[in-house]
Amino acid sequence: MSRKNTSGGNDGDQDKRLCPGPDKQELRKLKKKEAALEHQKTLLGGINRLLKEIPACENDEQVGVRCLAVAEEITGSWFGFIGKINPSGQFSTVAISNPGWDICSVSNPRQAIMEGEHKLRGIRGLVVKKEQSMIFNNPTAHPAWCGLPPGHPPVTCFMGVPLKLGEKTRGLIALANKPSGYTKADKEAVEALVEVFLESIERKHMEQDLQRSERALQVLRKVNHAVVHADHEQELMWEICRIFAETGGYPLAWVGLAQKDEARSVRPVAFAGPEKEYVRDLHITWADTETGPDPTGRSIRQGEPVICHDIHTNSALGPWRKKAASHGLAASLAIPLWIYGEVIGVLNLYASDSTAFNAREMEILIELANDLDHGMTNMRARAERDHSSAELKKSP
């Protein structure tokens, strides 16, 4: 015979009392752990995606856009931007997220990158000044809030994370308008992403520096060959510009000669590269005036190479900055050309990346310029001898 249940309930109820299920508090903890694991999974997936995409990027802006896309996906932000502190201590925009472009009603959002120089102020300035991540889920109520530019979408919440490599703060990544507001988990996730972002950029810069140095050596060999085989100075100038553009990969190379007219103008005599149209209507002077602070004029006056590592943020280049940006020119190098102890002109090189012209590349290019000086000096000396010989033959 089977034993009867004398407890007044069924066996299922008795099992529940003996083995009670998780209570509401335990369920909440379990769900919280599951959410944290899912968040971690999303972060790791985003980091892996970033590491795969960065090698195909050509410059810091493209890297920044990809980093912002991952950061927005991880945090649920609507838009964001990345900025860096430039040598003048001002703030330069490196990248604005694509969602940010779409919802911003200003006429040309990219102008923020092209002009690229802003004061470090407001809540973003506070993040950089304190050198620590900060969350503002009610930003307009904060004493440091200083408003938004015309056409900028409202900011309902804001998170800023400093870009720090070692002990040095280099800039800021900012995200805005997560519907539920930012949390400590968001901050920690973006901090982990920033570390990968900065290390990837540093590694990419090292690779680019090596590639530039190797290309510069190839240019050096070809220019020396051209110096030996050229018959005329003008022919040589065109040839070296072509070599810089085709072998060196520079978007623009041009030679300008210093004129001794009243305006002390610089006359372009040879140019090559995809952005050679930039040379037209430059109206550069080497006089020490307001229109002569550009690298070309300074190089002629000082007799030394002049580098501009970031054209977009150099306020001294006012008349030429927007034009250079519209041609995608981010950095420039002006190297004086010497003949008989006098600067006769400048070799100008441009790059599409503001990190161009590293120390090793500079050594090679200056060596190249010295070889070019010797070649042009010998060429002029030969031309003078030929002229003198011809005059002697004409004399009775």
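Which side chain meets that of Arg380 in a salt bridge? In this predicted model, the partner is Glu233, with an N to O distance of 2.6 Å. The two residues belong to distant parts of the chain: Arg380 sits in helix 11 (residues 359-394) and Glu233 in helix 8 (residues 233-246), 147 residues apart. Their surroundings can be described by accessibility. Glu233 has a relative accessible area of 17% and is buried, because the cut-off for that class is under 20%. Arg380, at 28%, is partly exposed.

Helix 8 also takes part in a second pair. The side chains of Arg242 and Glu246 form a salt bridge, again given as 2.6 Å from N to O. Here the partners lie four residues apart in helix 8, so about one helical turn separates them. Arg242 is partly exposed, with a relative accessible area of 33%. Glu246 reaches 57% and counts as exposed, since that class begins over 50%.

A third pair joins Arg280 and Glu277, whose side chains meet in a salt bridge at 2.8 Å, N to O. Arg280 is partly exposed at 45% relative accessibility, and Glu277 is partly exposed with a relative accessible area of 41%. Elsewhere, salt bridges with shared partners connect Arg49, Glu53, Arg66 and Glu73 into one network.

These pairs are part of a wider set: searching the whole structure gives 15 salt bridges. Among them are the link between helix 11 and helix 8 made by Arg380 and Glu233, and the pair of Arg242 and Glu246 within helix 8.

Methods. Residues numbered from 1 in each chain as written. Predicted model: local features only at pLDDT ≥ 70, side-chain atom pairs only at ≥ 80, totals over all residues. Heavy atoms only, no water. Salt bridge = Lys/Arg side-chain N within 4 Å of Asp/Glu carboxyl O. Buried < 20%, exposed > 50% of the residue type's maximum accessible area, 1.4 Å probe, protein only.
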